[in-house]
Amino acid sequence: MAADSASDELGLRIVDSSGPVTQILADVASGRDSAVQRLLPLVYEELRRLARSHLRRERPDHTLEPTALVHEAFLRLVGPEIAQPKDRAHFFAVAATAMRQILIDHARRRGAQKRGGDMARIDLDVAQPAERNEPVMVGGADVLALEAALQKLAERDPRKARIVELRVFGGMTCDQSAEVLGIASKTAEADWYMARAWLRRELVADFE
Amino acid sequence: MSDARFARIDALFQAAINRPAAERETFLREACGDDEALFLEIASLLEHHSAERGILTDAAIALAPSLTPDDSIDTDFPRPFGRYQLLRVLGQGGMGIVYEAQQDDPNRRVAVKIIRPGLATPGLIRRFRLEAAVLAQLQHPGIAHIYETGLGDLRQPYFAMELAPGRPLMEYADSLRLTPRARLALMARICDAVQHAHERGIIHRDLKPGNILVNDNSPKILDFGVARVIGQSDQNVTLRTDAGQLIGTLPYMSPEQVAGDSSRIDARSDVYALGVMLYELLSGRLPLDTRNRPIVEAARMIRDDEPTRLSSIATHFRGDVETIVTKALEKDAARRYVSAGALADDIRRYLRDEPILARRATTWYQLQKFARRHRELVAGLALTFIVLVASLVIVAAYALREADLRRLADDNTRIAQNNAAAERRATYRAMISAAAAGLAAHDVAAARNALAAAPEELRGWEWRYFNNQLDHSTWHSGGLGPDQWGAILSDDGKTLYVSDGSFGIPNAAPVLRAWDALTGRPIACDDPALNIRAMLRSPIMQRRWNRIIMPHMFDEQPALRIVLPSITNQSLGARRDETLHCATLSDDESLFACYTQGGDRRYSLHIASPTGKREPRTIPVELGGNMRLLFDHAARRIACGDGSASVVIIDTNSAHEVSRLIGHTDTAMAFAFSTDDRLIVTGAWDNTIRIWEVETGLCIGIGRGHADQIDAVSFSHDARTIASGARDGTVRLWNANTLECTAVFHGHRGDVLSITFAADDAALFTTGRDGTIRRWEIGSKRQHRDVLVGHESYVYPIQFHPTRPMLASGGWDGVFRLWNTQTDEQIGTMFEEGMSYARHLDFNADGSRMLTVSEDKVLRVWDVETGRALSGTEATTQWWQPRFAADGRILLMRNGAREVTWWTPETDDCEVAPLDSLGEIGPPLVSPDRRYAMIAGRQPGQPAELYDLVEDRSLREFSDQCERFAERHVLGAFDPDSRYWLAARNDNTIAVLDLAQRRFVAQLVGHADQIFTIAFSPDGSRIASAGRLRTIFIWDAKTHQPLAQLQGHTSYVWALTWSADGSILASSSGDHTVRLWRGD
């Protein structure tokens, strides 16, 4: 019967979505390396879904709010009650990486669309046609330009690039970034100022 | 660029930004030496470092406030937060950050306190909403008014409150070198404010000098009730917050607070804190020197140690002052002043050199102590004997004669009776306040309980008004059983059917019940096929808790065969031992679906054709205890709920999964498809509703607002509106595009089980666990309920017709309108070419005539029946508030003239009476008995005058009580018996003046801004007042206590008036509407 094959697809199972993430975070905290690898796909998936639904509803100016998305993802996957700063920091650090990749993918696909050469128009590009020509903005900058500049920065000073990732894509404060990277708050702040000035200059030069 | 060079640039950049901006260039020049490129490089970076706007600013990267509790303060200002612009940080505490902020409408500066979201659990947020509504009702000049409370984008609770000027209490008192008497008087005023809150059941719990700002001798208490609202469970949280804060708080904590016994914390805990502050104000020291002590030791001292006697610090406090302070600081709350008001009373008695009450109580207490000390002596004796002994001691102590003693006893009885009455009145006020708060938070059960607990003999208009708010439904009919199914409508939309009962319960086979959809009249009905259809197609397919509705399979329920001729256990491929759990029929009755469970406890989903046209499909599933099935309108898809937070959409043809709706965080048990089947709305036990695209499973919106699990949702036929029903007993309407909540209906007691839209989307029908079926009006009819919409601009004068259910209003649009107060419909207009905007109106005694005055200074008299102006009655003058007298004549007082005129419009007869003693006068207001006229000052700032028209003399002695009335028309009100005059004063209070006794009686304190209107209810028992700040106050005219506050207008309230029977209060507003507040 066809019904048998359908049953797997149905798989009406109760999924306790908050369980695994909390567990993985505990593993991260206890220093198990593989934990981050397990966390990333979960967070990536959730963020992608969130970003997709946000982009659909967006206003034409297309400034994504990665910070808000990451926080929302956190609330959905972990819940507001778990307030261990360390757990949050780990989660946000992973989310920053995921968010950065999602936005770049999205912007690239949108760019491809603009040039009319897109074959893989799935996924994020469900935005309305009128909105497709708008660049994806993050932190007041075009995400692709920011990405290019960030990669240049990473060649010179990877730690500074990482702090930018945590702050811009993960919505972390300098203190939280410092905690994730295991450096002093003051160092993280100094890194951030330098990185920010440097990126601004790069991005402005890019525009001009 | 090499890494080394980058590192050098980095180092110099860091060094530069750590220097003052002015020195940077010099520093760099020096550091870079000849390397001009390096200098330029760093200089350009510095330029970008200090850029105020643009990319990667804190605001740009942190568009959402951080969730984390350890976030640093964002210093990027101004930045928006909801309706506010945050301007700067005022302070930071254990629970959040306080900002100075700007609000646009109304335009004002406010303090916004944003609570750290780490504290915000869902349960806390629910309580926050309820208690926040209570706090918003605290309106007292001595309490920083909380304008608004709410949740931010990330559900951080916040308070917007009055930004109070002033200095902290001790600093203020010391800098002005206040005398002890001034300090006592100041403390009495602080007590008044605390008492105001206590009467509304709100305890501060964190009173300390730093929380009291004083400006020009007026104290203002901050953070009232905030500790409780944010769930600060006293000791626990306080002790965990930073030590610096605790040191400031601990000395003011009462013994029961430091003991951590939150159940014993009540108003008297605040009395203790007031006692500590009074002690400190008078002596400059704390009663217990807890500073520099370990916290545990300090807590022990507060519990056990007696404070240093005040008189040992300053001998002149020996006596009454020391007695007062000692009583406030009693370790046992039962021996303290019962309220802040009692403390204030004793302070004032002392200041007036009257005997204080504290001493009597203390004497009695000492007698008790005497008895306790001599236990062996009094042991075994009856209480009466102790009293006798006590009396003898009193006699001995005060050498009272017997008669005095009896009088003393009588006094005590009277005081006790008065106290009991006062207690009941306080209970009533607290219950009304709690009911209003419950309603504002849509916690209807709490509101209902509060109203039920209000003492019956005190229930008045406000009780009836709030009681009306408990039920918004047009009609309801009860008697549905616990196994009722949701309602379905007949094809013509005129009849509602509910299948009531269950196959599974003996003697409870489903009975079909029917109602007239418009009137709610039950209709006799017996149609077995319709009964089965009503069950299978109702919005409730399956109730929760795994309740087996139909425990036998089809073979044993021939009734089902009427609608499902081909469905048998065999045709479904189900075993004999399987039971049916949940079943549904598609709209076109082409498909049937059900969950069954076998003896092995495994579940299967079956999809079959009722007539056997298609081969049934059976899909084994894993299920939780709660199931739900719903076909879309075209029967192409079926939504399957399995008790989890997700819902699966299955193609009915292929039995393949189409999409999976993932996002709810708790069981999703209610769903409905849009008419075009493109969207599905789900309601879940996580208290949210969500809209999804059926095809992709994409969540495109979340609706938040319900306070409990959602068990019913429905789409309107035009797909513009969504309705949801929840266990909190409310039904909510949502804009289907934005998921904005557009209405909240109260009525059901408990779970709302099903929702059905009327065919024209103008009404809703719901069934609930309370066994009722209800009808609710929606759309335009609902919006205009109790709101009279028609004026095209601000509405000014309003008045009820003396005999008919009719209200007249006049607006800035120049038109006078008549309204039917039963249907809320406009029934007529009074307008002539050239009329300017409306200023005043009055009906004559029988309601056949109405007079109007417009800004063009023309008085017109209208025939109410025809809506026409009577010819020859126009008069151009400066008459401001003419009134019909009982005999039909019109009483005129002309602006600026020194006379009153009695005018008969029909004959144009004028009788003029001079007012010789008056000078130039402004617009007058005449008392109901036409004896008194209140006359505004002619010039701004000139005091108003009360004039006795009968004795023809001015009651000048009142003038100093009525500081205000610079503004025309804004005078005050006479009571219905013309015994009292109520005057709105400059300090936003209302003075009550006794006209016959010619004296000041009381002051109504509560308004936080200018008062525009005051109105007595016809029976004289209630006073309504309102003004610039939109809120309408209801006062008890006897006790002069505030009873309720009514919110609804979105702009100032200009006028208030009561219907002749006192059941309806009407208000006109700058929001272009008139509202009717029904207490019938």
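A salt bridge here is a side-chain nitrogen of Lys or Arg within 4 Å of a carboxyl oxygen of Asp or Glu. With that cut-off in hand, and keeping in mind that this is a predicted model, begin the tour by selecting Asp786(B) and Arg1078(B), whose side chains meet in a salt bridge at 2.7 Å, N to O. The pair links distant parts of the chain, 292 residues apart, since Asp786(B) sits in the loop between helix 26 (780-783) and strand 34 (787-789) of chain B, while Arg1078(B) belongs to strand 62 (residues 1073-1078) of chain B. Arg1078(B) is buried, with a relative accessible area of 16%.

**Other charged pairs**

By the same rule the count over all chains comes to 39 salt bridges. Select next Arg109(B) and Glu100(B), which form a salt bridge whose closest N and O atoms are 3.1 Å apart. Is each partner buried or partly exposed? Arg109(B) is partly exposed, with a relative accessible area of 44%, whereas Glu100(B) is buried at 9%. Then move to Glu657(B) and Arg660(B), where the side chains meet in a salt bridge at 3.0 Å, N to O; Glu657(B) is partly exposed, with a relative accessible area of 24%, and Arg660(B) also counts as partly exposed, at 22% relative accessibility. To see a network of salt bridges, select Asp157(A), Arg159(A), Lys160(A) and Asp191(A) together with Asp10(B), which are linked in this way.

**Chain A, by confidence and around Ile163(A)**

Colour chain A by pLDDT: the chain averages 67, and 56% of the residues score at least 70. Among the elements of chain A, helix 1 (residues 2-10) has the lowest mean pLDDT, 32, and helix 7 (residues 158-170) has the highest, 89. Two stretches call for caution in reading. Over residues 1-18 of chain A the pLDDT stays under 50, and the model has 34 contacts beyond four places in sequence for them; over residues 113-132 of chain A the pLDDT likewise stays under 50, with 33 such contacts.

Now centre the view on Ile163(A), which lies in helix 7 of chain A and counts as buried, at 0% relative accessibility. Which residues does Ile163(A) touch, not counting those up to four places away in sequence? They are Leu181(A), Ile183(A), Ala188(A), Asp191(A) and Trp192(A), and Asp191(A) is also one of the members of the salt-bridge network visited above. A distance label from Ile163(A) to Cys174(A) should read 7.9 Å, C-alpha to C-alpha, for two residues that are eleven apart in sequence.

**Two helices of chain B**

Return to chain B and select helix 3 (residues 36-49), whose 14 residues should span 20 Å at 1.5 Å a residue, in agreement with the 20 Å between its end C-alpha atoms. Its buried residues are Leu38(B), Phe39(B), Glu41(B), Ile42(B), Leu45(B), Leu46(B), His48(B) and His49(B). When looking down a helix, it helps to recall that an α-helix has 3.6 residues a turn, so residues three or four places apart point the same way.

Helix 12 (residues 267-283) of chain B comes next, with 17 residues and a reach of 25 Å from its first C-alpha to its last, close to the 24 Å expected at 1.5 Å a residue. This helix is mostly covered, 16 of its 17 residues being buried, and Gly284(B), which follows helix 12, has a positive phi near 80 degrees.

**Strands of chain B**

Select strand 12 (residues 495-500) and strand 13 (residues 511-516) of chain B, which pair in the antiparallel sense over six bridges; here Asp500(B) stands opposite Val511(B) in strand 13. Strand 13 is joined in turn to strand 14 (residues 522-523) of chain B by two bridges, again antiparallel, and Ala514(B) has Ile523(B) of strand 14 as its bridge partner. These last two strands form a hairpin with five residues between them, and Gly520(B) in the turn has a positive phi of about 80 degrees.

The final stop is an open sheet of four strands in chain B, in the order 52-53-54-55 with antiparallel pairing. Strand 52 (972-974) and strand 55 (999-1004) stand at the edges, each with a single partner strand, so one side of each is left without a neighbour in the sheet. From one strand to the next the twist averages 20 degrees. Within this sheet, strand 53 (residues 980-984) and strand 54 (residues 990-994) of chain B pair in the antiparallel sense over five bridges, and the bridge partner of Ala984(B) in strand 54 is Ile990(B).

Terms used
Residues are numbered from 1 along each chain as its sequence is written. Chains are lettered from A and ligands numbered from 1 in the order in which they are written. Side-chain values use heavy atoms; hydrogens and water are left out. The expected span of a helix is 1.5 Å times one less than its number of residues. Buried means under 20% relative accessible area, exposed over 50%, partly exposed in between (1.4 Å probe, protein chains only). Two strands pair if DSSP finds at least two bridges between them. Axes are lines fitted to C-alpha atoms, for helices over the stretch in contact, and angles run from 0 to 180 degrees between N-to-C directions. pLDDT is the predictor's confidence in each residue, from 0 to 100. Contact means heavy atoms within 4.5 Å.
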